Amino acid sequence: MISGIVNVYKEKGFTSFDVVAKMRGIYHQKKIGHTGTLDPDAEGVLPVCLGKATKVCDLLTDKDKEYEAVLLLGQDTDTQDISGTVLASAPVEVSEDAVREAILSFVGEYNQIPPMYSALKVQGQKLCDLARKGITVERQPRRVHIYDIQILEMELPRVRIHVTCSKGTYIRTLCKDVGDKLGCYGCMEKLLRTRVAEFSLENAHHLCEIEKNPEAFVQPVDVVFGQYEKRIASRNAGKYIENGNRISGIFMLNRPESADHGTFRIYDESDSFLGLYEYLADTDEYKPIKLFME
């Protein structure tokens, strides 16, 4: 079984589930998961985890993300993008300055109501399944954080923007909210995800590329933990590591003279990544958080 992460470029027309199904065929293994759903009409970065790397799926889903989107003013649709049914329309008579001010006003935290056409569940049912049946239910607003919005191009009624945001942010809903604030409606025309954590658009690969040389595109799981310092455990710690126990500080080969603190990447003497460990100063031990050894 292959373990690692592949930075896939999800093409328009594919669901995230389609990508995972295709990857299972390419790598001939079932243990594969993606790190955050992209709508079928959206494109861009979709990190896919293989084997033991599936343990980081939730972690990557929780990471901040970056998107490039086209906001289309003047239309309101049931899906909040142009794939849906138009519910209302209005002439776009606002100035570029007003549009710029409205868009930038969403930088910071705000309460966003998730769209009905989403994979979120209410009482065990996906909202999108209910929406397809014509059922609309009340959704609780969620606190999201828009870290930055850059206006790349404006030719009304279209505005191309780059958004850096927290997990759980719906760019479709952001587009609708901007249109509502301007009083002329709005929806999302295009969406391209450009970054998830360390995985960027420049290093994303199409399925047709991956299919030709699958192993060449697998990155080691520890690539997502570069923010943590590295520690090497001696072979004398082997039995503790194998049993998932804490490791005494005396078994670390590269400790600094000053005291350790926080979370660390732990490797064995052959430089194989073992997992993330939290240092406990009171007992001079490293407690396992997530283990990845074969």
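How many bridges pair β10 and β11, and in which sense? In this predicted model, the two strands pair in the antiparallel sense over eight bridges. A hairpin of two residues joins β10 to β11. Within this pairing, Asp-148 stands opposite Thr-164 of β11. β10 also pairs with β7. These two strands run antiparallel and are joined by five bridges. Here Asn-111 has Arg-143 of β10 as its bridge partner. Strands of a sheet pair through backbone hydrogen bonds, either parallel or antiparallel.

Ile-149 gives a view of the surroundings of β10, the strand in which it is placed. Its relative accessible area is 6%, so Ile-149 is buried. Beyond its sequence neighbours within four places, Ile-149 is in contact with Ile-103, Leu-104, Phe-106 and Val-107. Further contacts of Ile-149 are Ile-161, His-162, Val-163 and Leu-174. Ile-250 lies far along the chain, 101 residues from Ile-149 in sequence. The C-alpha atoms of Ile-149 and Ile-250 are 48 Å apart.

Helix α5 was examined next. α5 covers residues 171-182, twelve in number. At 1.5 Å a residue, a span of 16 Å is expected. The end C-alpha atoms are 17 Å apart, which agrees with that value. Nine of the twelve residues are buried, so α5 is largely enclosed by the rest of the structure. The buried residues are Ile-171, Arg-172, Thr-173, Leu-174, Cys-175, Asp-177, Val-178, Gly-179 and Leu-182. An α-helix has 3.6 residues a turn, so residues three or four places apart point the same way. Which elements cover the buried residues of α5? Strands β10 (142-155) and β11 (158-165) are among them. So are β4 (65-73), β7 (108-112) and β12 (186-196), together with helix α3 (96-104). Gly-183 follows α5 and has a positive phi, near 80°.

Lys-65 is found in strand β4. Is this charged residue buried or exposed? Its relative accessibility is 6%, under the 20% limit, so Lys-65 counts as buried. With neighbours within four places in sequence left aside, Lys-65 is in contact with Thr-35 and Leu-60. Its contacts also include Val-163, Thr-164 and Cys-165. Arg-193, Arg-195 and Val-196 complete the list.

Glu-43, by contrast, is placed in strand β3 (residues 43-50). At 26% relative accessibility, Glu-43 counts as partly exposed, because the value falls between 20% and 50%. Residues up to four places away in sequence were not counted among its contacts. Glu-43 touches Tyr-9, Lys-10, Glu-11 and Lys-12. It also touches Leu-38, Leu-191, Leu-192 and Arg-193. Glu-43 and Lys-190 are 147 residues apart in sequence, yet their C-alpha atoms are 8.7 Å apart in space.

Lys-190 also lines the largest cavity. The count comes to one cavity of 30 Å³ or more. About 70 Å³ of space lies in the largest cavity. Its lining includes Asp-39, Asp-41, Ala-42, Asp-81 and Ile-82. Met-188, Glu-189 and Leu-191 line it as well. By class, the lining has four nonpolar and five charged residues, and no polar ones. Rolling a probe the size of a water molecule over the atoms shows where empty space is left.

The largest pocket has a volume of about 1,000 Å³. It is lined by 37 residues. Which of these lie nearest its centre? They are Thr-37, Leu-38, Asp-39, Ala-119 and Tyr-170. Two or more lining residues come from each of α1 (16-27), β4, α4 (127-132), α5 and β12. The lining divides into 14 nonpolar, twelve polar and eleven charged residues. Asp-39 is found in the linings of the largest cavity and the largest pocket.

A further sheet was also found. This open sheet has five strands in the order β14-β16-β17-β18-β15, with mixed pairing. β14 (229-232) and β15 (247-248) stand at the edges, each with a single partner strand, so one side of each is left without a neighbour in the sheet. β15 pairs with β18 (residues 285-291) in the antiparallel sense over two bridges. Ile-247 has Tyr-286 of β18 as its bridge partner.

Key: Residues numbered from 1 in each chain as written. Predicted model: local features only at pLDDT ≥ 70, side-chain atom pairs only at ≥ 80, totals over all residues. Heavy atoms only, no water. 1 Å grid on protein atoms, 1.4 Å probe; cavity = no way out; pocket = protein on both sides within 12 Å on 5 of 7 lines; lining within 4 Å. Points joined across faces, edges and corners; volume = space filled by probe spheres on them. Nonpolar A, V, L, I, M, F, W, Y, C, P; charged D, E, K, R; others polar. Helix = DSSP H or I, 4+ residues; strand = E, 2+ residues; numbered from the N terminus. Expected span 1.5 Å × (residues − 1). Buried < 20%, exposed > 50% of the residue type's maximum accessible area, 1.4 Å probe, protein only. Contact = heavy atoms within 4.5 Å. Pairing = 2+ DSSP bridges.
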